[in-house]
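Got the model open in your viewer? Let's take a short walk through its empty spaces, one selection at a time.

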Amino acid sequence: MNLARFPRIRLGHLPTPLEPMENLSRHLAGPDGGPNLWIKRDDCTGLSTGGNKTRKLEYLMADALAQGADTVITQGATQSNHARQTAAAAAKLGLACHILLEDRTGYTDDAYAQSGNVLLDRLHGASIARFPGGTDMQAQMESMAAELRQAGRKPYVIPGGGSNAVGALGYVNAALELVAQAAEIGLRVDHVVHATGSSGTQAGLVAGLVALNSGIPVLGIGVRAPREKQEANVLALAEKVATHLGLPGIVKAEHVVANCDYVGQGYGLPTEGMVAAVTLLAEKEGILLDPVYSGKGMAGLIDLVRKGHFKKGENVVFVHTGGAVGLFAYPDALGVATDKADA
């Protein structure tokens, strides 16, 4: 598996740290002990506060430049981490950037609509267009691309989350990185857990870890779709990634597992478990999660540990997909709008 044959532009601070979460492991251990929890710090990729999309953009932006693009178009929810990192990558590479934001929560308060990722989108110089929930966002991007072509521009359309066979190469590379880091410190990784949404991160990890014959299972904690749909989306993309790598047929249905019990009322809508997980990681490990992805992913991991899903002594790696800037969009939900002393 030779990733060097695919165009790539270095945008991230890689490799990201692989760290033990000793305080959290002790906190969650029952009387008979529990698993050893680790965290892969993809919140530390460096591009505009970091996050998992930077890995994908290294391949997507390289593809855009190879095609002669002068403009990129992408879409996401209002507080999209992907949009923010795309805007930053475009700024770094001197490309124009158009972001289409879909309202998936119905929130209209200024903190949500204008702060967090939206503020950074603008700071990076991207244009923003907003659309109601349920809009065919792919069609809107294609329409904008057609208009730009008529105006003489050369747009490159990036799917939501950067999740296609090109973008997912970033997480094939992350799989290589994780296995190498674990080998260097003599760590046997028994499970990889992360938040799964647009499917690219999980598809890349699955394809990469299977291609390496690592034997490491990946569990995606869903943040949006029901389990059957999420697993189908991930499997379809993982198969495309494997084919893109020149390894068709290596990914099987049994390699793709998602648990979507922690979505709550819907994408981007807070849950008690998310708030508790964000608070616990901040207080026990000094690590900031985000309210949409990693917060719900960690809520799922914590609950599964408490239910005995993982065996004593197993090493579980949580891939932190970043997005902590999104916390500023949810001050009321997180219960931190005022100082504790004022409560």
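Start with the largest pocket, which has a volume of about 740 Å³. Keep in mind as you go that this is a predicted model.

To find the middle of the pocket, select Gly160, Gly197, Ser198, Ser199 and Arg224: of the 36 residues in the lining, these lie nearest the centre.

Next, colour the elements around the pocket. Those giving two or more residues to its lining include three helices from this list: H2 (53-66), H3 (81-93) and H8 (200-211). Add strand E3 (71-77) and strand E7 (191-196), which also give two or more. Then pick helix H9 (227-244). Which element gives the largest share of the pocket lining? That's H9, with six residues.

Now try colouring the pocket lining by residue class. You'll get 21 polar residues, eight nonpolar ones and seven charged ones.

Time to leave the pocket and look for cavities. How many of 30 Å³ or more turn up in the whole structure? The search finds one. The largest cavity holds about 30 Å³ of space.

To see what surrounds this cavity, select Lys40, Asp42, Tyr171, Ala174, Leu178, Leu205 and Val319, the residues that line it. Then show helix H7 (residues 169-185), which supplies three residues, the largest share of the cavity lining.

Finish by colouring the cavity lining by class, just as you did for the pocket. Here five residues are nonpolar and two are charged, with no polar ones.

Methods: Residues numbered from 1 in each chain as written. Predicted model: local features only at pLDDT ≥ 70, side-chain atom pairs only at ≥ 80, totals over all residues. Heavy atoms only, no water. 1 Å grid on protein atoms, 1.4 Å probe; cavity = no way out; pocket = protein on both sides within 12 Å on 5 of 7 lines; lining within 4 Å. Points joined across faces, edges and corners; volume = space filled by probe spheres on them. Helix = DSSP H or I, 4+ residues; strand = E, 2+ residues; numbered from the N terminus. Nonpolar A, V, L, I, M, F, W, Y, C, P; charged D, E, K, R; others polar.
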